[in-house]
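Let us walk through this model step by step, with the sequence and the coordinates open side by side.

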Amino acid sequence: MSPEALPPDPFAGDPDDPARSMGALDDHAEITGAGSGDPDGPPLTETDRGEILADLADLAVYQALLSGRGVRGIVVDCADCGEQHFHEWNLLRASLQQLLDEGRMRPHEPAYDPDPAHYVTWEYCRGYADATLADG
């Protein structure tokens with residue numbers, strides 16, 4: 001996905017960007033359990049890149065299996081704020097692709113009034129895919 005297809009960074013060029021205090025890979029780690037770092041830190045390692053590519057491949061499978069069942073994306077319990085974060089399939093894909101391309105994710109607007117019944121955890125997706133594909 002090209003950077004032009006992503007929403008603009010509302011803090012672009014702002015030296016007080018609140019994302020500076022967060023790790024660049026924290027959203028990725030929060031969602032998938034992999035890697036961590038900071039926006040001014042070292043570039044992604046080959047291991048990080050491999051994990052992100054694997055996550056993108058898994059995400060495509062999860063969306064293919066679950067979107068037809070009404071699942072709109074992934075929900076994450078945020079350890080920092082104690083709230084749930086809802087990531088729609090396309091936004092999560094774009095964020096992971098941006099992480100792969102740029103080594104960081106831009107801040108984005110949270111889902112507006114999401115229905116929690118339409119989101120599942122990454123672990124649920126993995127288990128659902130394993131069970132579904134094992135039966136086939």
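In this predicted model, a good place to begin is helix H3, residues 89-102, which lies across strands E1 and E2 and runs at about 90° to E2. H3 comprises 14 residues, and from its first C-alpha to its last it reaches 20 Å, close to the 20 Å expected at 1.5 Å a residue. Its buried residues are Trp89, Leu92, Ala94, Ser95, Leu96, Gln97, Gln98, Leu99 and Leu100. After the helix comes glycine 103, with a positive phi near 80°.

The strands that H3 crosses belong to an open sheet of three strands, in which the order is E2-E1-E3 and the pairing is mixed. Strand E2 (84-88) and strand E3 (119-120) stand at the edges, and because each has a single partner strand, one side of each is left without a neighbour in the sheet. Between E1, residues 73-77, and E2 the pairing is antiparallel and extends over five bridges; within this part of the sheet, valine 76 stands opposite histidine 85 of E2.

Helix H2 can be read in a similar way. Its 21 residues, 46-66, should span 30 Å at 1.5 Å a residue, and this agrees with the 30 Å that separates its end C-alpha atoms. The residues of H2 that are buried, meaning under 20% relative accessible area, are Asp48, Ile52, Asp55, Leu56, Leu59, Tyr62, Gln63 and Leu66. Seen down the axis of H2, these buried residues fall within an arc of 130°, so they line one face of the helix. The face turned away from that buried side carries the exposed residues Glu46, Thr47 and Ala64.

Where do the residues with the most contacts inside the largest nonpolar core come in? That core has 19 residues, and those with the most contacts inside it are Ile52, Ile74, Trp89, Leu96 and Cys125. H2, E1, H3 and helix H4 (122-135) each supply at least two residues of this core. Tryptophan 89 shows some of these connections in detail: leaving aside its neighbours within four places in sequence, it is in contact with Leu59, Tyr62, Gln63, Leu66, Ser67, Val71, Arg72, Gly73, Ile74 and Cys125.

Finally, we turn to the segment before helix H1 (26-32), where proline 8 is found. Proline 8 is exposed, with a relative accessible area of 68%, and although 98 residues separate proline 8 from arginine 106 in sequence, their C-alpha atoms are 8.3 Å apart in space.

Methods
Residues are numbered from 1 along each chain as its sequence is written. This is a predicted model: local features need pLDDT of at least 70, side-chain atom pairs count only at pLDDT 80 or more; totals for chains, interfaces and linings use all residues. Side-chain values use heavy atoms; hydrogens and water are left out. Helices (H or I, at least four residues) and strands (E, at least two) are DSSP runs, numbered from the N terminus. The expected span of a helix is 1.5 Å times one less than its number of residues. Buried means under 20% relative accessible area, exposed over 50%, partly exposed in between (1.4 Å probe, protein chains only). The arc is that of the directions from the helix axis to the C-beta atoms. Two strands pair if DSSP finds at least two bridges between them. Contact means heavy atoms within 4.5 Å. Axes are lines fitted to C-alpha atoms, for helices over the stretch in contact, and angles run from 0 to 180 degrees between N-to-C directions. A nonpolar core is a set of buried Ala, Val, Leu, Ile, Met, Phe, Trp, Tyr and Cys residues joined through side-chain atoms within 4.5 Å.
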